[in-house]
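Please look over the sequence and the coordinates together before reading on. The paragraphs below go from pairs of charged side chains to the interior and then to the surface.

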Amino acid sequence: VHPLDLRMRSFCCFIVLFSTVRAWEAVAVPFPPEIASDASNRVGHLKPFGHQRAPNKPVQEYDTVMRPREFWTQHVRDQIPAVFRAAVADSPAHRLWTDEYLAKNYGDRYDVLYERRAEHRGISAKRTSLKNFLANYKRRDRPIYAVTVLPDDMRKDVPVLPCILCGTFLQNLQEANFWLGYGGTRSVIHFDADHNIHCLFAGRKDFMMIHPRFGEKLSMAPRWKHQGSGYSNIDPDAIDLDQHPFVGEAEWEWATLSPGDCIFIPGKYLHQVRSYGRSISATVLSYPRDTFDEAGCDTTSFEYTDLSQVKLVWTYKGGNDTIDLGFMNPELLRVHMLRIANESGVGLITWETFLNLAVETDNDDER
């Protein structure tokens, strides 16, 4: 018997469909996984991440979305994940985003970045038209999924949750991303620099959430000094306890999203994600701040607002030479360069000075 109270566990076996031209294959996937006993004390050896120890508890969830001040004090300030059930259930994205709708309305106008379903941080994303991606992403011989900047015209279909509609959150929105996959995808164990609100419009996603203090147990890859994100070198599909003996000491919480649900992932918070069947989602990233400024909250109506009505730093209008996914906050770069200039005493930063400072920073990272 799983140690979690079964009333909270919401244990479920569900059907995952892998497509070929002529056949369908169904696979039952339980989550959270059953933890098998092991007399050799190597629980979960060569099994997927999550099989090495039972989760502590489900991520805290709500049936309604709270206001920004409450969101800050209860979750954002202290890096506590949260799930908002049915938060985007009434959105156009939830109602409309079928493959046919996306191909007809956006297929020829926008490109997407895509990767293989089993994420590998050493392989760069490729670019293709949304129409071409939709025509191929269900093929079993082409295991790919899209993760890209949400095109501007699609932003009108995605709501902004009330918890980020004013103050510090609204002032620091960075970008919105679009995710589309089929037949099962999985991420590496990783963390992002920004706060992340991930909303699901179709399919199912399982999240394993690990507090940053357990990063030392998970063989994190080396990072540059000022690099915001990070990831683990561990293969999450088969944890080798001979090479990574402390994985079982990393405590975790879990959440399963159904269509219409959203999860808040704090910046720097480790997580691993698996999806099944056809899954489609959007994420909104915001730059973390140390304090909360309520500017504008007293006059905000908190009525339905979509992403086309708010300012994002990084956007994609179509026809761009690049799709600027995951770029750093320009304000952070400005503050960083001013700090370096003040510390080095160079005063005015010319292009040559900037390059020299960048080289010095890289050398500091290597040391």
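A salt bridge is taken here as a side-chain nitrogen of Lys or Arg lying within 4 Å of a carboxyl oxygen of Asp or Glu. In this predicted model, Asp261 and Arg85 satisfy that description, their side chains meeting at 2.7 Å from N to O. The pair links distant parts of the chain, since Asp261 sits in the loop between strand E13 (253–257) and strand E14 (262–265) while Arg85 sits in the loop between strand E4 (82–84) and helix H3 (92–96), 176 residues apart. Asp261 has a relative accessible area of 6% and therefore counts as buried.

A second salt bridge, between the side chains of Arg278 and Asp99, has an N to O distance of 2.9 Å. This pair likewise links distant parts of the chain, with Arg278 in strand E15 and Asp99 in helix H4, 179 residues apart, and both Arg278 and Asp99 are buried. The side chains of Asp141 and Arg139 also meet in a salt bridge, at 2.9 Å from N to O; here Asp141 is exposed, with a relative accessible area of 55%, and Arg139 is partly exposed, at 34%. Elsewhere, Arg186, Asp235, Asp237 and Arg274 are linked in a network of salt bridges, and a search of the whole structure finds 18 salt bridges.

These pairs can now be set against the chain as a whole. The chain holds eight helices and 15 strands, and of its 367 residues 49% are buried. Among the contacts in the chain with a separation of 6 or more, 80% are between residues 24 or more positions apart.

What makes up the interior? In soluble globular proteins, nonpolar side chains tend to be buried together. The largest nonpolar core in this model has 55 residues, of which Phe71, Trp97, Leu102, Ile164, Phe178 and Phe201 touch the most other members. Apart from that core lies another, of 16 residues, with Phe191, Leu218, Ile239 and Trp252 among them. Trp97 repays a closer look: leaving aside its neighbours within four places in sequence, Trp97 is in contact with residues including Leu102, Phe178 and Phe201, and also with Arg278, the residue whose side chain forms a salt bridge with Asp99.

Aromatic rings give another way through the fold, and a search of the whole structure finds 18 aromatic pairs. Tyr110 and Tyr316 form one that is edge-to-face, because their ring centres are 5.7 Å apart and their planes stand at 65 degrees, the cut-off for edge-to-face being over 60 degrees. Tyr110 lies in the loop between helix H4 (99–106) and strand E5 (111–116), and Tyr316 in the loop between strand E15 (270–286) and H7, so the pair ties together parts that are 206 residues apart in sequence. Both rings belong to buried residues, Tyr110 having a relative accessibility of 3% and Tyr316 a relative accessible area of 0%.

A stacked aromatic pair is formed by Tyr145 and Trp179, with 6.4 Å from centre to centre and 10 degrees between the planes. This pair links distant parts of the chain, with Tyr145 in strand E7 (residues 144–149) and Trp179 in strand E8 (residues 173–181), 34 residues apart. Tyr145 is buried, at a relative accessible area of 7%, whereas Trp179 is partly exposed, at 24%. Phe71, already met in the largest nonpolar core, also belongs to one aromatic cluster together with Tyr62, Trp72, Phe84, Phe169, Phe264 and Phe292.

Turning to the outside, the chain exposes about 18,200 Å², of which carbon and sulfur atoms supply 51%. Met328, Leu332 and Leu333 make a nonpolar surface patch of about 220 Å². Leu332 lies in helix H7 (residues 330–344), and its relative accessibility of 32% is why Leu332 counts as partly exposed. Arg140, found in the loop between helix H5 (130–136) and E7, is partly exposed as well, at 47% relative accessibility. The C-alpha atom of Arg140 is separated by 8.0 Å from that of Gly183, although the two residues are 43 residues apart along the chain.

Technical notes:
Residues numbered from 1 in each chain as written. Predicted model: local features only at pLDDT ≥ 70, side-chain atom pairs only at ≥ 80, totals over all residues. Heavy atoms only, no water. Patch = residues over 30% accessible without salt bridge, like charges linked within 9 Å, V, L, I, M, F, W, Y side chains within 5 Å. Areas by Shrake-Rupley, 256 points an atom, 1.4 Å probe, with all protein chains shown as cover. Helix = DSSP H or I, 4+ residues; strand = E, 2+ residues; numbered from the N terminus. Buried < 20%, exposed > 50% of the residue type's maximum accessible area, 1.4 Å probe, protein only. Contact = heavy atoms within 4.5 Å. Core = buried A, V, L, I, M, F, W, Y, C linked by side-chain atoms within 4.5 Å. Phe/Tyr/Trp six-rings, centres within 6.5 Å; stacked < 30°, edge-to-face > 60°.
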